[in-house]
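I opened this notebook to keep track of what I looked up, going from backbone angles to the nonpolar interior and then to the aromatic rings.

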Amino acid sequence: MSLLDDYAEYQSSSVHRNSDVAQGPSSSFSGNGTSGVGGLASDTDGFITTTLEAEDAPIFSLDTVQFQVPNKIISLSVSNDILVLVIEGAKVLRIKLQEAHNIVEADIPLGPSSLRACNAFLDPTGRHLLLSTPQGENFYYYEGWDSAKPLSKFKSMEITAVAWN
């Protein structure tokens, strides 16, 4: 017996079981092939469709803030209500979005004019930051430090993606 035969046999037996369940009084199965719980509708073909109800809260919100960036923004990253801005002049600005008036500034040990482009990777907790330039200069910054530390083992390598564990 092949996998295809097993699948066909399983599908035919599940159709019979579903029709038996539909006869019960406490079943949420309706005759049109869908059953729904909390805005989810399940079709008999296995696909689930979702609907947006009026009481659902939006995932994102946009608010205005009174903050003037002191220089041109090179890169930014947001995680866990922490916003990190890398700006010209080799500076890192770390802003807790719940306490936006407290802005922590840190230096990147590079010449201010040599930082033109940069990738910023912030971990899910918002505490650890990796910075990588196209020239292969890489830096690590932790939330309480005064300046970022160079990563000598990654010299001459450009980091383009980070997976945090």
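The entries below follow the order in which I looked things up.

**Entry 1, backbone.** I noted at the outset that I am working with a predicted model. I began with phi, since most residues other than glycine have a negative phi. I found that phi of Ala 90 is near 60°, a positive value in a residue other than glycine, and I placed Ala 90 in the loop between β5 (82-87) and β6 (91-96). Looking up its accessibility, I read a relative accessible area of 3% for Ala 90, which is under the 20% limit, so I recorded Ala 90 as buried. I then turned to Ser 156, where phi is near 70° and again positive in a residue other than glycine. Ser 156 belongs to the segment after β11 (149-150), and because its relative accessibility of 61% is over 50%, I entered Ser 156 as exposed.

**Entry 2, nonpolar interior.** In soluble globular proteins, nonpolar side chains tend to be buried together. I looked up the largest nonpolar core and found 17 residues in it, with Val 86, Val 92, Ile 108, Leu 115, Leu 129 and Leu 131 having the most contacts inside it. I traced at least two residues of this core to each of β5, β8 (119-122), β9 (128-132) and β10 (138-142), and the largest share, 3 residues, comes from β5. Apart from this core I noted another, of 5 residues, which includes Leu 83, Leu 85, Leu 93 and Ile 95.

I then followed Val 92 individually, leaving aside its neighbours within four places in sequence, and listed its contacts as Val 84, Leu 85, Val 104, Glu 105, Ala 106, Ile 108, Leu 129 and Leu 131.

**Entry 3, aromatic rings.** How many aromatic pairs are there? I counted 2 aromatic pairs. For Tyr 140 and Trp 145 I wrote down ring centres 5.3 Å apart and planes at 80°; since that angle is over 60 degrees, I classed the pair as edge-to-face. I also noted that ring pairs link Tyr 140, Tyr 142 and Trp 145 into a cluster.

I stayed with Trp 145 for one more look, and found the charged end of Lys 149 sitting over its ring, 5.0 Å from the ring centre. The relative accessible area of Trp 145 is 30%, so I entered Trp 145 as partly exposed.

Terms used. Residues are numbered from 1 along each chain as its sequence is written. Side-chain values use heavy atoms; hydrogens and water are left out. Helices (H or I, at least four residues) and strands (E, at least two) are DSSP runs, numbered from the N terminus. Buried means under 20% relative accessible area, exposed over 50%, partly exposed in between (1.4 Å probe, protein chains only). A nonpolar core is a set of buried Ala, Val, Leu, Ile, Met, Phe, Trp, Tyr and Cys residues joined through side-chain atoms within 4.5 Å. Contact means heavy atoms within 4.5 Å. Rings of Phe, Tyr and Trp (its six-membered ring) pair if their centres lie within 6.5 Å; planes under 30 degrees apart count as stacked, over 60 as edge-to-face and the rest as tilted. A charge sits over a ring if NZ of Lys or CZ of Arg is within 6 Å of the ring centre and within 35 degrees of the ring normal.
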